[in-house]
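Here is a round of questions on how the labels given to a structure are earned. Each answer sets a value against its cut-off.

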Amino acid sequence: MTTPASARAAARTDAGAGVGQAAGTVSVRYFAAAAEVAGVDTETVPAGTAAQVVAEMTRRHPDLAAVLTRCALLADGSRVEGDDEVRAGVTLDVLPPFAGG
């Protein structure tokens, strides 16, 4: 049986993790060429710096490395790179350059 105190503790633990998402992870959405090379549209990776997240994505999908050099990374709509923190619970969009206009 869950007590009110343990329910509050569980809620604090899950806060910021996103619905259906494990604490300490980022939901990655791949678009266009990035999705094609990765072979998936979405996946969950550990949170960390943008560089750490990119390292994990390329570990899982080695051919993605060449595409990522041309992609913009947006964490909940804000561009991130290098040492920028990608916090747990955010959605990271991997956007290759798009032609047209």
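Q: What does L64 touch, not counting residues up to four places away in sequence?
A: In this predicted model, L64 touches Y30, A34, V37, A38, M57 and T58. Contact here means heavy atoms within 4.5 Å.

Q: Which residues touch the most other members of the largest nonpolar core?
A: L64 is one of them. The others are V28, Y30, M57, L92 and V94, in a core of 21 residues. Strand 1, helix 2 (32-38), helix 3, helix 4, strand 4 and strand 7 each supply at least two residues of this core. In soluble globular proteins, nonpolar side chains tend to be buried together.

Q: Why is V86 called buried?
A: The cut-off for buried is under 20% relative accessible area. V86 has 1% relative accessibility, so V86 counts as buried.

Q: Where is V86, and what does V86 touch?
A: V86 lies in strand 6 (residues 85-86). Leaving out residues up to four places away in sequence, V86 touches V26, A47, G48, T49, A50, V53 and V80. Take A50: V86 and A50 are 36 residues apart in sequence, yet 5.9 Å apart in space, C-alpha to C-alpha.

Q: What makes strand 4 and strand 5 a pair?
A: Pairing needs at least two bridges. Strand 4 and strand 5 (residues 78-79) have two bridges, in the antiparallel sense, so they meet the cut-off. One bridge joins L74 to R79 of strand 5. The two strands form a hairpin with two residues between them. In the turn, D76 has a positive phi of about 50°.

Q: How do you know that strand 4 and strand 7 pair, and in which sense?
A: Set the count against the cut-off of at least two bridges. Strand 4 (residues 72-75) and strand 7 (residues 91-95) have four bridges and run antiparallel. A75 has L92 of strand 7 as its bridge partner.

Q: Which strands does strand 1 pair with, and in what sense?
A: Strand 1 (residues 25-30) runs antiparallel to strand 2 (residues 42-46), with five bridges. Strand 1 pairs with strand 7 in the parallel sense, over four bridges. R29 has a bridge partner in strand 7, D93, and a bridge partner in strand 2, T42. V28 bridges to E43 of strand 2.

Q: What is the strand order of the open sheet, and why do strand 2 and strand 5 stand at the edges?
A: The open sheet of five strands has the order 2-1-7-4-5, and its pairing is mixed. Strand 2 and strand 5 each have a single partner strand, so one side of each is left without a neighbour in the sheet.

Q: What packs on the sheet, and at what angle to strand 2?
A: Helix 3 (residues 50-60) does, touching strand 1, strand 2, strand 4 and strand 7. The direction of helix 3 makes about 125° with that of strand 2.

Q: How do you know that the buried residues of helix 3 are on the same side?
A: The buried residues are A50, V53, E56 and M57. They cover an arc of only 125° around the axis, which puts them on the same side of helix 3. The face turned away from this buried side carries Q52 and R59, which are exposed; exposed means over 50% relative accessible area.

Q: What covers the buried residues of helix 3?
A: The cover includes strand 1, strand 2, strand 3 (48-49), helix 4 (64-68), strand 6 and strand 7.

Technical notes: Residues numbered from 1 in each chain as written. Predicted model: local features only at pLDDT ≥ 70, side-chain atom pairs only at ≥ 80, totals over all residues. Heavy atoms only, no water. Axes fitted to C-alpha atoms, helices over the stretch in contact; angles between N-to-C directions. Buried < 20%, exposed > 50% of the residue type's maximum accessible area, 1.4 Å probe, protein only. Arc of directions from axis to C-beta. Core = buried A, V, L, I, M, F, W, Y, C linked by side-chain atoms within 4.5 Å.
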